[in-house]
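Trainee: I am new to this structure and would like to go through it with you step by step. Could we take the pocket to begin with, and then turn to the contacts between side chains?

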Amino acid sequence: MAGDWQWQATGAGVPLAAEGGWSEVSWHHEKSCDFLEIEQPLSHGFKLERQVFLARTELFMFVADCLMGPANSVASEIRYTQTLPLAAKAAFATGTETREGWLSADGRRRASVVPVAQTEW
């Protein structure tokens with residue numbers, strides 16, 4: 001990956017915008033792993049929480065975003081997208097029968113990409 005980790009969101013059809021910088025919520029470091037959680041305040045009382053977990057021994061990385069509305073808000077539709085740009089020599093290929101994919105570089109598969117909510121079959 002290379003570049004900015006971008007996001008776009010709407011709450012009840014209204015675009016949400018950052019209203020401040022990222023702040024650290026939690027940081028945990030061990031020899032086998034690192035965990036980072038940060039949050040950013042957004043317009044209309046929303047906030048975006050971002051988590052990154054890197055497991056060195058098991059060789060995987062988990063990334064997640066959580067968009068949270070104000071505590072006193074009425075239920076409404078929330079739309080959210082994020083973009084993780086690939087490095088110049090990397091490519092992403094999708095599965096033909098599943099939602100999984102693979103990251104490749106130099107003609108070799110380097111990593112599997114699987115949505116967290118994906119069932120096995």
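Trainee: Which element gives the largest share of the lining of the largest pocket?

Mentor: Keep in mind that this is a predicted model. The largest pocket has a volume of about 960 Å³, and among the residues closest to its centre are V63 and L84. The elements that give two or more residues to its lining are β6 (60–68), β7 (78–83), β8 (90–94), β9 (101–105) and β10 (108–113). The largest share, five residues, comes from β6.

Trainee: By class, how many residues in the lining of the largest pocket are nonpolar?

Mentor: The lining of the largest pocket is made up of 25 residues. By class, four of the lining residues are polar and two are charged, while the number of nonpolar residues is 19.

Trainee: Turning to salt bridges, which residue meets R56 in one, and is that partner buried or exposed?

Mentor: The structure holds six salt bridges, and in one of them the side chains of R56 and D34 meet at 2.2 Å, N to O. The pair links distant parts of the chain, with R56 in the loop between β5 (47–55) and β6 and D34 in strand β4 (residues 33–41), 22 residues apart. R56 has 34% relative accessibility and so counts as partly exposed. Its partner has a relative accessible area of 10%, which is under the 20% cut-off, so the residue asked for is D34, and it is buried.

Trainee: What is the relative accessible area of D106, which meets R110 in a salt bridge?

Mentor: The side chains of R110 and D106 meet at 3.8 Å, N to O. R110 is partly exposed, with a relative accessible area of 46%. D106, by contrast, counts as exposed because its value is over 50%, and that relative accessible area is 61%.

Trainee: Which residues are joined into one network by salt bridges that share partners?

Mentor: One of the salt bridges to consider is the one in which the side chains of K47 and E39 meet at 3.2 Å, N to O. K47 is partly exposed at a relative accessible area of 28%, and E39 is partly exposed as well, at 21%. Salt bridges that share partners make one network of E39, K47 and E49.

Trainee: How many disulfides does the structure hold?

Mentor: Two cysteines can be described by their accessibility, C33 being buried with a relative accessible area of 10%, and C66 partly exposed with 33%. A disulfide would need a pair of cysteine sulfur atoms within 2.5 Å, and the number of disulfides in the structure is zero.

Definitions and conventions. Residues are numbered from 1 along each chain as its sequence is written. This is a predicted model: local features need pLDDT of at least 70, side-chain atom pairs count only at pLDDT 80 or more; totals for chains, interfaces and linings use all residues. Side-chain values use heavy atoms; hydrogens and water are left out. Buried means under 20% relative accessible area, exposed over 50%, partly exposed in between (1.4 Å probe, protein chains only). On a 1 Å grid over the protein atoms alone, a cavity is a set of points where a 1.4 Å probe fits but cannot get out, and a pocket is an open set with protein on both sides within 12 Å along at least five of seven lines; lining residues have an atom within 4 Å of a point. Grid points are joined across faces, edges and corners, and a volume is the space filled by probe spheres set on the points. Helices (H or I, at least four residues) and strands (E, at least two) are DSSP runs, numbered from the N terminus. Ala, Val, Leu, Ile, Met, Phe, Trp, Tyr, Cys and Pro count as nonpolar, Asp, Glu, Lys and Arg as charged, and the others, Gly among them, as polar. A salt bridge is a side-chain nitrogen of Lys or Arg within 4 Å of a carboxyl oxygen of Asp or Glu.
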